[in-house]
Amino acid sequence: MRDYLYSLLRDSGTLSTEDILLHILASAVISIAIYVSYWYTHSGTFYSKKFNVSLMTLTVLTGTVMTVIGNNIALSLGMVGALSIVRFRTAIKDSRDTTYIFWAIIVGICCGVGDYLVAAVGTVVVFILLLFLGRVRNENRVLLILRGSREITMDIEKIVFDYFGTGALLKVKNTTEHTVELIYETPRKVYEATYKKEQDIVTKLYSLKHLEYVNIVSQSDEISG
């Protein structure tokens, strides 16, 4: 009975047991580089260890599937049909996450068909690129939200220009019969440069009469930090 079961496992495909193990283990080993790269480039507040582990398992699973498919066209079409019913509803918070998903899948495909050199060279190149560029962030911006009487609109605009010059862009100007709301956008570096002034801009603005409030909001395009 034991010999019969072993013969079934041995003859279940065109690949030998050693080849199958080599494909899957190669996927697992190279997935470690993906894990390290994701950990390094996402080591901020929004790093997700679960997603990182999922990348490793995705690499191994893709390699396993490609090992099963091999050169069998009929089996590959059946596998595509079976996998097409899967729907992924998890939102991608960072565009770089999509890159890592494709990276994991491609490495799995290469290892699954035995192209270890392609998988290794591609992984090294991508790893180096992300090592130097993966932690690039969009520059944070500061929104200056002001509300007060319409009669001080010119005074507000003059103070903002004195402090920021052309570095502050008027994004929104809402008015009613008696009030005005102004929203300025400025790079954080430009805003921080005003710290050198003898008087900060908030104190200067509140020196105006009929100014209701000053809100300062930090804004960034990075959803994931």
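Valine 124 is partly exposed, since its relative accessible area comes to 48%. This residue sits in helix H6 of what is a predicted model. Look across from there and isoleucine 30 turns up: the C-alpha atoms of valine 124 and isoleucine 30 are 9.6 Å apart in space, although 94 residues separate the two in sequence. Isoleucine 30 also appears among the H2 residues that touch H6, which leads straight to how these helices pack.

H2 and helix H6 (residues 116–133) run with their axes 10 Å apart and an angle of about 5° between them. With an angle that is under 35 degrees, H2 and H6 are therefore roughly parallel to each other. On the H2 side, the contact is made by Asp19, Leu22, His23, Ala26, Ile30, Ala33, Val36, Ser37, Tyr40 and Thr41. H6 answers with Tyr116, Ala119, Ala120, Thr123, Phe127, Leu130 and Leu131. Sorted by class, the contact of H2 with H6 holds twelve nonpolar, four polar and one charged residues.

H2 has another partner in helix H5. Here helix H2 (residues 17–41) and helix H5 (residues 95–112) pack at about 165°, and their axes are 9 Å apart. That angle makes H2 roughly antiparallel to H5, as the cut-off for this label is anything over 145 degrees. The crossing of H2 past H5 is right-handed. From H2, the residues involved are His23, Ala26, Ser27, Ile30, Ala33, Ile34, Ser37, Tyr38 and Thr41. They meet Arg96, Asp97, Tyr100, Trp103, Ala104, Val107, Gly108, Cys111 and Gly112 in H5. The tally for the contact of H2 with H5 is ten nonpolar, six polar and two charged residues.

Then there is helix H3 (residues 49–69), which packs against H2 at an angle of about 155°, with the two axes 8 Å apart. H2 and H3 are therefore roughly antiparallel to each other, and their crossing is right-handed. H2 brings Ile20, His23, Ile24, Ser27, Ala28, Ser31, Ile32, Ile34, Tyr35, Tyr38 and Trp39 to this contact. H3 brings Lys49, Phe51, Asn52, Val53, Leu55, Met56, Thr59, Val60, Gly63, Thr64 and Thr67. By class, that gives the contact of H2 with H3 13 nonpolar, eight polar and one charged residues. His23 is worth picking out, as a residue of H2 that is listed in the contacts with H5, with H6 and with H3.

How does this fit with the database record? In an unreviewed entry, UniProt places the feature "transmembrane region" at residues 20–41, 53–80 and 100–133. In the model, residues 20–41 are 100% helix and 0% strand, and the C-alpha atoms at the two ends of that span lie 32 Å apart. Residues 100–133 are 91% helix and 0% strand, with their end C-alpha atoms 14 Å apart.

Zooming out, the protein chain has nine helices and four strands. Going along the sequence, these follow the order α-α-α-α-α-α-β-α-β-β-α-α-β. The chain counts 225 residues, of which 30% are buried. Among contacts in the protein chain with a separation of 6 or more, 74% are between residues 24 or more positions apart.

The strands offer an example of such a reach along the chain. Isoleucine 145 belongs to strand E1 (residues 141–149), and at 15% relative accessibility this residue counts as buried. Setting aside neighbours within four places in sequence, isoleucine 145 is in contact with Glu181, Leu182, Ile183, Tyr213, Val214, Asn215 and Val217. For valine 217, which is 72 residues away along the chain, the C-alpha to C-alpha separation from isoleucine 145 is 7.9 Å.

Two loop residues round off the picture. Glycine 165 is in the loop between helix H7 (153–164) and strand E2 (169–175), and its 24% relative accessibility means that glycine 165 counts as partly exposed. Glycine 165 and valine 190 are 25 residues apart in sequence, and their C-alpha atoms are 9.4 Å apart in space. Histidine 210 falls in the loop between helix H9 (201–206) and strand E4 (211–219). Most residues other than glycine have a negative phi. Histidine 210, though, has a positive phi, near 65°.

Methods. Residues numbered from 1 in each chain as written. Predicted model: local features only at pLDDT ≥ 70, side-chain atom pairs only at ≥ 80, totals over all residues. Heavy atoms only, no water. Axes fitted to C-alpha atoms, helices over the stretch in contact; angles between N-to-C directions. Parallel < 35°, antiparallel > 145°, perpendicular 65-115°, else oblique. Left-handed = near helix turned anticlockwise from the far one by under 90°. Contact = heavy atoms within 4.5 Å. Nonpolar A, V, L, I, M, F, W, Y, C, P; charged D, E, K, R; others polar. UniProt positions renumbered as here; feature names shortened; annotations may be inferred. Buried < 20%, exposed > 50% of the residue type's maximum accessible area, 1.4 Å probe, protein only.
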